[in-house]
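Biologist: Got a minute to walk me through this model? I'd like to get a feel for the fold before I go back to the bench.

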Amino acid sequence: ISFDVRRGEILGIAGVEGNGQKELVDMLFGFLTPNAGTVTMQSENLLGLSQQKLRDKGVALIPEDRMLYGIAGSASIEENLISDRSAEKRLNHGPLFNMKAIHDEADKLIEDYAVLCKSRKQQVGMLSGGNIQKVVVAREFSGNPVLILADQPTRGIDVGAKYEIYQLIQDLAKQGKAVVMVSSEMPELLGVCNRIVVMSGGRVAGEVDADNTTQEEIMTLAAKY
């Protein structure tokens, strides 16, 4: 597998599910280590780094399974929103949390990302699928990422929430962020991405310009190996 993604670009990863897309994301975010090769971001090698170090360098992840990897279902919305930044000095008074700063952060993210909930203290697992995904997206997108790995970012959510997430992804690209978006929905990839890499049999079967391709061409590539 070999590809690149540039600042300000949304690179789609297409293909029939089970052709290496999940393994690719797992390697990019350090859940798996490849036998060979390199993963480089801004001239730095990312392989072998822990998830926290990857986050510190600006890598964000929307996981394929939000319930298993994206949230702590029994924790509050607020706890989920600050889980990646709870050690930051601005949210702490020495050994104790700065609860006012944490409340303000959570309330702002809930408002900015239009999370429909009773309060920041509500158990996140009690929200609808679309609003759970908004909590994940709010946490990942608000941490000033350099690279966003979005694995099936709109799976299992309603149309309204899908379009809100599409807009957020496109806004991040306009700000100069690099986005790798894995999706099994071709209309989604064609409508949001700039370029699309097609995977087949664990390999890159081809690369197409999203504005100058068709679903038929992508499907032909997806069946290549």
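Modeller: Sure. Keep in mind that this is a predicted model. Let's start in the sheet, where Ile13 stands opposite Val182 in strand S8.

Biologist: Which residues are the bridge partners of Gly12 and Asp151 in S8?

Modeller: Gly12 has Met181 as its bridge partner in S8. For Asp151, the partner in S8 is Val182.

Biologist: And how many bridges join S7 to S8?

Modeller: There are 5 bridges between S7 (residues 147-151) and S8, and the two strands run parallel. S1 (residues 10-14) also pairs with S8 in the parallel sense, over 4 bridges.

Biologist: How does the chain cross from S7 to S8?

Modeller: Through helix H7 (residues 159-174), in a right-handed β-α-β crossover.

Biologist: Tyr163 caught my eye. Where does Tyr163 lie, and is it buried or exposed?

Modeller: Tyr163 lies in H7. Its relative accessible area is 55%, over the 50% cut-off, so Tyr163 is exposed. Its C-alpha atom is separated by 16 Å from that of Ile10, with the two residues 153 apart along the chain.

Biologist: Back to the sheet. What's the strand order?

Modeller: The order is S4-S7-S8-S1-S9-S10, in an open sheet of 6 strands with mixed pairing. S4 (59-62) and S10 (203-209) stand at the edges with a single partner strand each, so each has one side left without a neighbour in the sheet. From one strand to the next, the twist averages 20 degrees.

Biologist: Which helices pack on it?

Modeller: H6 (residues 129-141) is one of them, touching S4 and S7, and its direction makes about 175 degrees with that of S4. Then H9 (residues 215-222) lies across S1, S9 (195-200) and S10, at about 35 degrees to S9.

Biologist: What about H1? Which of its residues are buried?

Modeller: In H1 (residues 21-28), the buried ones are Gln21, Leu24, Val25, Asp26 and Leu28. They pack against S1, helix H2 (51-56), S4, S7, S8 and S9. After H1 comes Gly30, with a positive phi near 80 degrees.

Biologist: Why do you call S8 largely enclosed?

Modeller: Because 5 of the 5 residues in S8 (residues 178-182) are buried, the strand is largely enclosed by the rest of the structure. Ala178, Val180 and Val182 point one way, Val179 and Met181 the other way, and all are buried. In a regular strand, side chains alternate between the two faces of the sheet.

Biologist: Which residues touch the most other members of the largest nonpolar core?

Modeller: Ile10, Leu81, Phe141, Ile169, Met181 and Ile196, out of 43 residues in that core. There's also a second, separate core of 20 residues, and Leu11, Met41, Ala178 and Val180 are among its members.

Biologist: What is Ile10 in contact with, leaving aside its neighbours within four places in sequence?

Modeller: Ile169, Gln170, Ala173, Val179, Met181, Val192, Cys193, Asn194 and Arg195.

Biologist: Changing topic: cysteines. How many disulfides are there?

Modeller: The count is 0, taking a disulfide as a pair of cysteine sulfur atoms within 2.5 Å.

Biologist: And Cys117 and Cys193, are they buried or exposed?

Modeller: Cys193 is at 5% relative accessibility, so it counts as buried. Cys117 is at 27%, so it counts as partly exposed.

Notes
Residues numbered from 1 in each chain as written. Predicted model: local features only at pLDDT ≥ 70, side-chain atom pairs only at ≥ 80, totals over all residues. Heavy atoms only, no water. Buried < 20%, exposed > 50% of the residue type's maximum accessible area, 1.4 Å probe, protein only. Core = buried A, V, L, I, M, F, W, Y, C linked by side-chain atoms within 4.5 Å. Contact = heavy atoms within 4.5 Å. Pairing = 2+ DSSP bridges. Right-handed = clockwise from strand over helix to strand, strands pointing away. Axes fitted to C-alpha atoms, helices over the stretch in contact; angles between N-to-C directions.
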